[in-house]
Every structure is written in C-alpha cells, then in structure tokens.
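The following exercises concern a predicted model. Each task is followed by a solution that proceeds step by step.

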2 protein chains.
Amino acid sequence: MFKSAPSREHDAEARRERLLKAAAAVFAKDGFEKASLRAICLKAKANVAAVKYYFGSKDGLYREVFLSICQESMKEDAPVTLAEGGSPEETLRRWIHYLLDHALLKRTKNPVMSQIMAHEMREPTPCLNEFIKLIFRPFHQELERIIAAVMGRRAVDEDCVLYCHHIIGLCLHYDHCRVFVDRLGPPVPKTETEVLRLADNIADFVLGALVSRRATKSKPASRSKKKP
Amino acid sequence: MFKSAPSREHDAEARRERLLKAAAAVFAKDGFEKASLRAICLKAKANVAAVKYYFGSKDGLYREVFLSICQESMKEDAPVTLAEGGSPEETLRRWIHYLLDHALLKRTKNPVMSQIMAHEMREPTPCLNEFIKLIFRPFHQELERIIAAVMGRRAVDEDCVLYCHHIIGLCLHYDHCRVFVDRLGPPVPKTETEVLRLADNIADFVLGALVSRRATKSKPASRSKKKP
DNA sequence: CCTGTTTATAAACGCATGTTTAAATCTGCT
DNA sequence: AGCAGATTTAAACATGCGTTTATAAACAGG
C-alpha cells in the first residue's frame, strides 16, 4: 500500500529535491542564521509553507541539507591518508595542501560542503555535534596519526593532538580571517598554484617544527630558559 | 556662551557615558549585528531614541564605542616589544603568551577590547579599516620584527610576514574554533597557568619551525622532495 | 512670565524574519 | 461522478529590528 501514484510522487520528490538544492546553496552562501526561507523558496520556486510541509521547520531543512551533503561528501574524494604510501612527511604535505585547497578554493570538489563547514565553525548550529562526529573527527584523527608518524611515535599522544590543532588553526586562519590577512601581507591565494605555494610554505614550517620537537618527550619543561 | 548650565550638562554627559558603557558591553557580548539597541538601552536605562539623539544611529554608536575603547586601550598595557630587552626568542615567547592571554582569558586587562576584536574578525563592520590601522597593524608589525630577529634577518621580508600569519592563526584558532578544539582534544585552557602551558607549547613549536627555516633564503623551492 | 531651544520619552513606522492558518487545488480510489 | 486525503498556495500572524515622529518636560534668556 504505497502512499501515492508514481506521477505525483515524482513531482513531490522533485520539489523536495529542488528545495534541498536551493537551501544548500543559500545556506552555503549566507550561513544558517542569515539565510532566509524566502530567499530559498524563491530560488526553488516553491512556497514558504512547503518548508514546513516537507521539513517541519528551518532547522529541519538545514538538518536535511546537512545529511544530504554528508553522504554526498562520503563517496567523493577520500581525505589524504597514510595508507596511500609515501613518507609521513610527504603525506603531511599533501594533507596540508588538501585542507588549504578546500578552505581557500571552495569552488573545487564540493564547494557547498566547504562553505557550510566554514559557517559551522564560525557560528555552530544544532547540527554541530553530528558534524564533528561524521566529518571533522575522522579527518582530525587521520592528521593525528600522520603527525605521530612524522614524529616517530608509536601512538598518538597529547602533544600530537595539540600539534594537530596548531596546524589546522594555522591553515584555516587564511580562510577565517581572510580580510585581515589580505590587508596585512601578501594577499590570500586565489589560484591553485598560489595555494600550492602557500601549502608548501606551511608544510616546510610545520615539518621544521615537528622535526625539532622529535627528540623531546612528554614534559619538556620549556619555560626555564632564563639565562642558564 | 557655553551651551547650558553645568547641572544639565553633567546629566547629559552621564547618560551618554552610560549608553556608551552599556553598548560596549553588549557589543562585546553579541557582536555588532546581533546586539540590539533595545538591549543596550535597557541596560543603560535610556530610551531607544536617545541613541539617535546622541549618536545618530546604531553605526554611529558602534563607531563611538570603538573609538573610546581604542584610546582606552592605547594607554593601557603596551604590547610586547623587542625593545624591552631579552633575546628575540624570549620576546617571541612572551608575545605569544600575551596574544593567547588576551584571546582566551578575555576577562583580563581589557575584556571588551578583546571580545570586540574577536567579533570584528568574524564579521567585519564598517570600522574594520580603522581597526586594522589603529590596533592590528602595529601589533602585527611588531611581531614581524620579532620574527625577523629570531631568524637573524636584517629586515622583514615576505617569509617573515607569512610566518607572522601562521603564528597568529595558530593562536587565534583556540579562540575562534574553541568549540571544535574542546571536542577534539584537550580542552581549551581556562586558567592562567593552563594558558601559560599552551603558550609555551606553541612557542616551542614555532621556535622550532623558525630555527629550522633560519638557513633558507627567499626561494627554497621546497616541492622537489619526490625521492631524490 | 512668557518664549524658544534643547533634551527626553512613548508610540508608531516600515521592514524582515520564521511560523501558521485556512482555503484552494489536485489525485487516486470506489 | 464523487469523495477523501494529500498537496499547494496566499495570506495572516507574531516577533524583533533600526529608525522616526510627535509630544512632553526641562531649561535659558528676554
């Protein structure tokens, strides 16, 4: 006893899909708060009440968008991993390039995902927890393993996790504070080759840091360099 | 022929001051967009129309708040500089600690300034340019000089500026993406000693990186490590 | 004391938001 | 054909915002 005939079902599905697609675009551009249902429905050629009908509320719509782009993102490009072969150093370099590519050149691969993630980091929504669990944590953990490998440690320890934050923050800064960076130094990369250059600069910087910290273990008690 | 009698003058000034103070607090908490005039006036025990009367508009009020906290911030704690003595490395360590202190422990020193700056970086307002010119650029340039000193260079070059961005991004990440860091690793420091620990970790990391890059000049052409 | 200017306040304006209602339309089944 | 249920739509609702207006109060000078 299926709900309705195929023809209508098709129309409904098409409308739902249109709404979802329009919503994804607008949410990506403006973020959850600033995106308006009217703008979305205008783009989808649908009535505002359709949102309530199909998704219950603005929150529901956003959640659906989130889920759809999640599973779309899953099957797309796998993030950089150690398993692909190559030295840990080269893997880290590729990882940094990958992150920077997504953060700065959002047009590549899955632009909607990149933009929505950026918004989610600026002002978290109720989807934050799922976002972290499904998308961010696996990504983060792979970097932790890469760092542990670069540092020659058998397992991921607290230092690796911290360095992981350092690196991600360093990269995302060029996106989050784009307007500041642009005004205070060489402009933020806008082409693939420029991004590659920056990625290499960052990779050199980070590898230098990690290698220099390779020897130290757990508690280096650093603060005591006051003229020995 | 001064405009009015002292008693009235005093009241008016007091009201203006109350508004300014309340506005600073609310802007600091919510940022420019989300802060509402009604909330500000409620806190200042003033009428909403008073904002138009004294400051012309919400923008005008924000601009006044910005100017007032600027000159307040000028005379307060001078940022860390090379001139204070000590090795460049130690100066850099202190600089990082100083930034982290302001970013994470906003209650210290000038909380309003720190918070408003954080908001300004997230979503810039029309005051952005003045903000950069008056506050951010001098701060940034001092870091550039420190880095140049650490790297033993005679003048600030493009690499120094980039490293500067790296370091600032690395530090601010713990504030901007606090909620992410909290969920993915050791929680973001909340006490002075914790902040000091993190600052030392970051300083060690950064110094390692800078020292390792000390030898290289201008164009290291890094990308060519593909199995020699 | 009256008068005109400055200051203060309450109320309304115009707009935009997410949500909801209630009526209209369409569809499939009997 | 006709009915019942699903879908669509336009309109209204409730709320919040920054801004504006019109009126009342406080004050200064003639």
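**Exercise 1. State how B:Glu142 and B:Arg145 are joined, and determine how far apart they lie along their helix.**

Step 1. The side chains of B:Glu142 and B:Arg145 form a salt bridge, with a distance of 2.9 Å from N to O. The cut-off for such a bridge is 4 Å, so the pair qualifies.

Step 2. Both residues belong to helix α7 of chain B, and because they are 3 residues apart, about one helical turn separates them.

Step 3. An α-helix has 3.6 residues a turn, so residues three or four places apart point the same way.

Step 4. Buried means under 20% relative accessible area. B:Glu142 has 13% and is therefore buried, whereas B:Arg145, at 42%, is partly exposed.

**Exercise 2. Identify the salt-bridge partner of Glu130 in each chain and locate both partners.**

Step 1. In chain A, the side chain of A:Glu130 meets that of A:Arg63 in a salt bridge of 2.6 Å, N to O. This pair links distant parts of the chain: A:Glu130 is in helix α7 and A:Arg63 is in helix α4 (residues 58-75), 67 residues apart.

Step 2. In chain B, B:Glu130 forms a salt bridge with B:Arg63, and the closest N and O atoms are 2.6 Å apart. Here too, distant parts of the chain are linked, with B:Glu130 in helix α7 (residues 128-150), B:Arg63 in helix α4 (residues 58-75), and their positions 67 residues apart.

Step 3. Accessibility is assigned residue by residue. A:Glu130 is partly exposed at 28% relative accessibility, and A:Arg63 is partly exposed at 31%. B:Glu130 is partly exposed at 30%, and B:Arg63 is likewise partly exposed at 30%.

Step 4. Over all chains, the count comes to 28 salt bridges. One network of salt bridges links A:Glu90, A:Arg93, A:Asp200, A:Asp204 and B:Arg213; its members thus include a residue of chain B.

**Exercise 3. Describe helix α7 of chain A: where it bends, what follows it, and which surface patch includes one of its residues.**

Step 1. Helix α7 of chain A bends by about 45 degrees at A:Phe136. A proline, A:Pro138, follows within four residues of the bend.

Step 2. After α7 of chain A comes A:Gly152, which has a positive phi, near 70 degrees.

Step 3. A:Leu134 lies in helix α7 (residues 128-150) of chain A. A:Leu134 has a relative accessible area of 37% and so counts as partly exposed.

Step 4. Together with A:Leu67 and A:Met74, A:Leu134 makes a nonpolar surface patch of about 260 Å².

**Exercise 4. Place A:Lys45 in chain A, and decide whether it is buried or exposed.**

Step 1. A:Lys45 is found in the loop between α2 (37-44) and α3 (48-55) of chain A.

Step 2. Exposed means over 50% relative accessible area. A:Lys45 has 69%, so it counts as exposed.

Step 3. Leaving aside residues up to four places away in sequence, A:Lys45 touches A:Arg15 and A:Arg18.

Step 4. Between the C-alpha atoms of A:Lys45 and A:Leu19 the distance is 8.3 Å, although 26 residues separate the two in sequence.

**Exercise 5. Summarize the overall make-up of chain A.**

Step 1. Chain A contains 10 helices and 0 strands.

Step 2. Of its 228 residues, 49% count as buried. The area exposed by chain A is about 11,700 Å², of which carbon and sulfur atoms supply 57%.

Step 3. Consider the contacts in chain A between residues at least 6 apart in sequence: 68% of them join residues at least 24 apart.

**Exercise 6. Derive the symmetry relation between chains A and B, and state through which surfaces they meet.**

Step 1. Two copies of a chain are related by a rotation about an axis and a shift along it.

Step 2. A turn of 180 degrees and a shift of 0.0 Å along the axis lay chain B on chain A with an RMSD of 0.1 Å. This is the relation of a two-fold axis.

Step 3. The C-alpha of chain B nearest the axis is that of B:Ala209, at 1.9 Å.

Step 4. Because 100% of the interface residues of chain B are also interface residues in chain A, the copies meet through the same surface.

Conventions. Residues numbered from 1 in each chain as written. Chains lettered and ligands numbered in written order. Predicted model: local features only at pLDDT ≥ 70, side-chain atom pairs only at ≥ 80, totals over all residues. Heavy atoms only, no water. Helix = DSSP H or I, 4+ residues; strand = E, 2+ residues; numbered from the N terminus. Buried < 20%, exposed > 50% of the residue type's maximum accessible area, 1.4 Å probe, protein only. Contact = heavy atoms within 4.5 Å. Least-squares fit on C-alpha atoms with pLDDT ≥ 70 in both. Patch = residues over 30% accessible without salt bridge, like charges linked within 9 Å, V, L, I, M, F, W, Y side chains within 5 Å. Areas by Shrake-Rupley, 256 points an atom, 1.4 Å probe, with all protein chains shown as cover. Bend = angle between axes of the 7 residues up to and from the residue.
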